[in-house]
Amino acid sequence: MKGKVDTATAFAPASIGNVAVGFDMLGLAIAGVGDRVIATRVAGTSLSIAEVRGLDGEIHPYLSADPEQNTASIAAQALWDARGDGTGLELKVLKGVPLQSGMGSSAASAVAAVVAVNALLDSPLSTLQLLPYALEGEKFASAAQHADNVAPSLLGGLVFCPESLYPSMIPVSPVAGVSSVLLHPEMQINTASSRKKLARGYSIDQWLKQQGLLGGFLLACERGDVELIRRTLIDLLIEPQRSSSVPCFTGVKEAAMMANALGCSLSGSGPSIFALCASQEAAKVATAMEQACRRFGYECQSWISPMNAPGARVESTK
Ligand code: HSE
């Protein structure tokens, strides 16, 4: 018989929300950057956060260890309340994703937490079943339950996850030979306040055009049609409302497109900016985007990922 698991460590990747065409319903996982959560059974009945550390190993200067204020503990609590055995839990959060970066930082913590806590359950849930619990954390951070960061962080790759189809999360085929470049300029944008500023009403013309681009982009991915990606990776609705809050955006986008990117837009609510491009041109696109960003006076970092970057995983249990 399987013994009880007392401690589990899980990693969950950062992600690109919206992917230009699918506001709140399309997301892409990123390789090489994410959050790690260690969940341990402890005496008592409550859930606590022992510490939140950054990549430098130091206690995180901004993130709260109050379990009611951290997306990791909020998501973990939701899962433990529903499926746990009532014992106490202690979390350690190792934060690899920059805060308020548009890289799905709150989702990565929530997903790493539910994946770690799931490994402590006598009968762990499937990855798909973890979605509602991870979304509880996301709801706290952005005051809305969009899954465009949680779903790719859980599953990896490109995922279509409109609220109308919850709890389904639909993986979209990765396109061979296409990579993402994600650039993070060193500034912060609060997703909840960015969302409050968005227009509530859109015309039928706008809706038709964006729906055509979303449908065309999804078909392009399924067919591996790179030229159709180039024609459809365009955000007509949200990017024009948000781009002015990222002063380097226009310059970075121009640089990416000059370097032959297939398309370029904000990642989530920004400030991060992503491009899709031919994999063999990804290093050139990343360099062009970084140089443009620095010309605007922002230090930055970039990551290149295949379209099938892995999702969350349990790294160890004992
Ligand atoms: N879809 C969300 C938004 C993602 O654009 O507000 C936030 O990262």
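Me: Let me start with the term: a cavity is a set of grid points where a 1.4 Å probe fits but cannot get out. How many cavities of 30 Å³ or more does the count come to here?

Reply: One cavity of 30 Å³ or more, by that rule. Keep in mind that we're reading a predicted model. The space in the largest cavity is about 40 Å³.

Me: Which residues line the largest cavity?

Reply: Look for N18, A20, D235, I238, E239, R242, S265, L266 and G268. On the level of secondary structure, α8 (239-242) and β8 (263-266) each put at least two residues into that lining. By type, the lining splits into three nonpolar, three polar and three charged residues.

Me: Now the open spaces. What volume does the largest pocket have?

Reply: A pocket, unlike a cavity, is an open set of points. The largest pocket comes out at about 610 Å³. It's lined by 36 residues, and Q100, S105, S106, A141 and T191 are the closest to its centre.

Me: Which helix gives the most to the lining of the largest pocket?

Reply: That's α3, with four residues. At least two lining residues each come from α2, α3 (131-142) and α5 (191-196). As for chemistry, 21 of the lining residues are polar, nine are nonpolar and six are charged.

Me: And where does the largest pocket lie relative to the domains?

Reply: Start from the domain assignment, which gives domain 1 (7-172 + 308-317) and domain 2 (178-306). If both domains give residues to a pocket's lining, the pocket lies between them, and that's so for the largest pocket. The C-alpha centres of the two domains are 24 Å apart. Contacts across the boundary involve 35 residues of domain 1 and 36 residues of domain 2.

Me: What about the second largest pocket: which residues lie nearest its centre?

Reply: Out of 18 lining residues, those are F23, M25, W207, L237 and I238. The volume of the second largest pocket is about 480 Å³. Helix α6 (residues 204-223) is the biggest giver to its lining, with four residues. This lining has 11 nonpolar, three polar and four charged residues. The second largest pocket also lies between domain 1 and domain 2, because both give residues to its lining. And you've met I238 already, as part of the lining of the largest cavity.

Me: Back to α2. How do I read a helix span, and what does α2 reach from its first C-alpha to its last?

Reply: You compare the end-to-end C-alpha distance with what 1.5 Å a residue would give. Helix α2 has 14 residues and reaches 20 Å, close to the 20 Å expected. While you're looking at helices, here's a handy rule: an α-helix has 3.6 residues a turn, so residues three or four places apart point the same way.

Me: How many residues of α2 are buried?

Reply: Buried means under 20% relative accessible area. In α2, 13 of the 14 residues pass that test, so the helix is largely enclosed by the rest of the structure.

Me: Take N118 in α2. Is N118 buried or exposed?

Reply: Buried, because its relative accessibility is 8%. You'll find N118 in helix α2, which covers residues 105-118.

Me: And which residues is N118 in contact with, leaving aside neighbours within four places in sequence?

Reply: Those contacts are L79, P124, L125 and L130.

Methods. Residues are numbered from 1 along each chain as its sequence is written. This is a predicted model: local features need pLDDT of at least 70, side-chain atom pairs count only at pLDDT 80 or more; totals for chains, interfaces and linings use all residues. Side-chain values use heavy atoms; hydrogens and water are left out. Buried means under 20% relative accessible area, exposed over 50%, partly exposed in between (1.4 Å probe, protein chains only). Contact means heavy atoms within 4.5 Å. The expected span of a helix is 1.5 Å times one less than its number of residues. On a 1 Å grid over the protein atoms alone, a cavity is a set of points where a 1.4 Å probe fits but cannot get out, and a pocket is an open set with protein on both sides within 12 Å along at least five of seven lines; lining residues have an atom within 4 Å of a point. Grid points are joined across faces, edges and corners, and a volume is the space filled by probe spheres set on the points. Ala, Val, Leu, Ile, Met, Phe, Trp, Tyr, Cys and Pro count as nonpolar, Asp, Glu, Lys and Arg as charged, and the others, Gly among them, as polar. Domain bounds come from an automatic or database domain assignment.
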